[in-house]
Amino acid sequence: MKQLFAMDRQLLELFNQQWTSPAMDPFMRTATIASDIGLIWYAAAVLLMLAVRCSRARLAGAAMIIANGAAFLFQALVNLILPRPRPPLVEEGIRFLVETPASSSFPSAHAATSAAACTALVFFYPRAAWLAVPFVLLFAYTRLYAGVHYPSDTLAGLAAGAGIGILAAKAVQLLNSRRS
């Protein structure tokens with residue numbers, strides 16, 4: 001376990017201190033703020049439902065909203081059960097790009113909500129993956145770049161979010177088939 005934590009710290013150092021650029025800081029700050037509690041995904045879901053007027057778009061939008069909310073609640077529950085201090089609170093040399101949240105570090109809410117909403121979208125629109133997946137990866141990466149999560153927090157968020165996204169999409173699909 002010590003080796004995993006050591007690798008986590010080493011990777012964080014790469015993402016937060018070595019693979020950075022002052023020219024990229026404003027973009028990364030904006031991207032990480034845009035993905036707060038999945039707000040950008042809620043907006044995308046509503047836009048999809050309004051712009052594409054068909055039942056599949058409504059199902060995808062509903063699944064995205066449900067997945068996003070469920071992922072946020074899931075990570076909040078895990079935060080309470082498995083409290084992990086944020087890197088700036090326990091690691092030296094962390095670059096501060098955004099204010100350190102007061103919540104626990106594990107798992108990343110940004111990664112979880114992004115992966116959940118994206119997975120729900122791709123469930124209904126597989127070809128949307130080429131556009132949506134890079135945003136998920138960007139939002140997850142910004143949390144490392146900003147120094148507020150360890151890589152394992154982000155990976156756990158991505159995995160949990162993907163699972164929640166699949167469950168939400170299947171639940172919406174099932175409810176719709178029962179209604180028809």
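This is a short tour of a predicted model, going from a patch on the surface to a group of aromatic rings.

Begin by selecting M1, L4, F5, M7 and L11, which form a nonpolar patch on the surface and together have about 520 Å² of accessible area. Within this group, pick out M7, which is found in helix α1, the helix made of residues 2-18. M7 has a relative accessible area of 45%, and so it counts as partly exposed.

Stay on helix α1 and select F15, then add Y141, which lies in helix α7, residues 129-145. A search of the whole structure finds six aromatic pairs, and F15 with Y141 is an edge-to-face pair, with 5.6 Å from centre to centre and 85° between the planes. Because one partner lies in helix α1 and the other in helix α7, the pair ties together parts that are 126 residues apart in sequence. F15 counts as buried, at 16% relative accessibility, whereas Y141, at 24%, counts as partly exposed.

Next, keep Y141 selected and add Y145, with which Y141 forms a tilted aromatic pair, 6.1 Å centre to centre and with 55° between the planes. Both residues lie in helix α7, four residues apart, which is about one turn of the helix. Y145 has a relative accessible area of 2%, and because buried means under 20%, Y145 is counted as buried.

Now select R95, which lies over the face of Y145, at 5.2 Å from the ring centre. To finish, show F15, W19, Y141 and Y145 together, since these residues form one aromatic cluster.

Methods:
Residues are numbered from 1 along each chain as its sequence is written. This is a predicted model: local features need pLDDT of at least 70, side-chain atom pairs count only at pLDDT 80 or more; totals for chains, interfaces and linings use all residues. Side-chain values use heavy atoms; hydrogens and water are left out. Patches are made of residues with over 30% relative accessible area and no salt bridge: like charges are joined within 9 Å, nonpolar side chains (Val, Leu, Ile, Met, Phe, Trp, Tyr) within 5 Å. Accessible areas come from the Shrake-Rupley method with a 1.4 Å probe; for residues, only the protein chains shown count as cover. A salt bridge is a side-chain nitrogen of Lys or Arg within 4 Å of a carboxyl oxygen of Asp or Glu. Helices (H or I, at least four residues) and strands (E, at least two) are DSSP runs, numbered from the N terminus. Buried means under 20% relative accessible area, exposed over 50%, partly exposed in between (1.4 Å probe, protein chains only). Rings of Phe, Tyr and Trp (its six-membered ring) pair if their centres lie within 6.5 Å; planes under 30 degrees apart count as stacked, over 60 as edge-to-face and the rest as tilted. A charge sits over a ring if NZ of Lys or CZ of Arg is within 6 Å of the ring centre and within 35 degrees of the ring normal.
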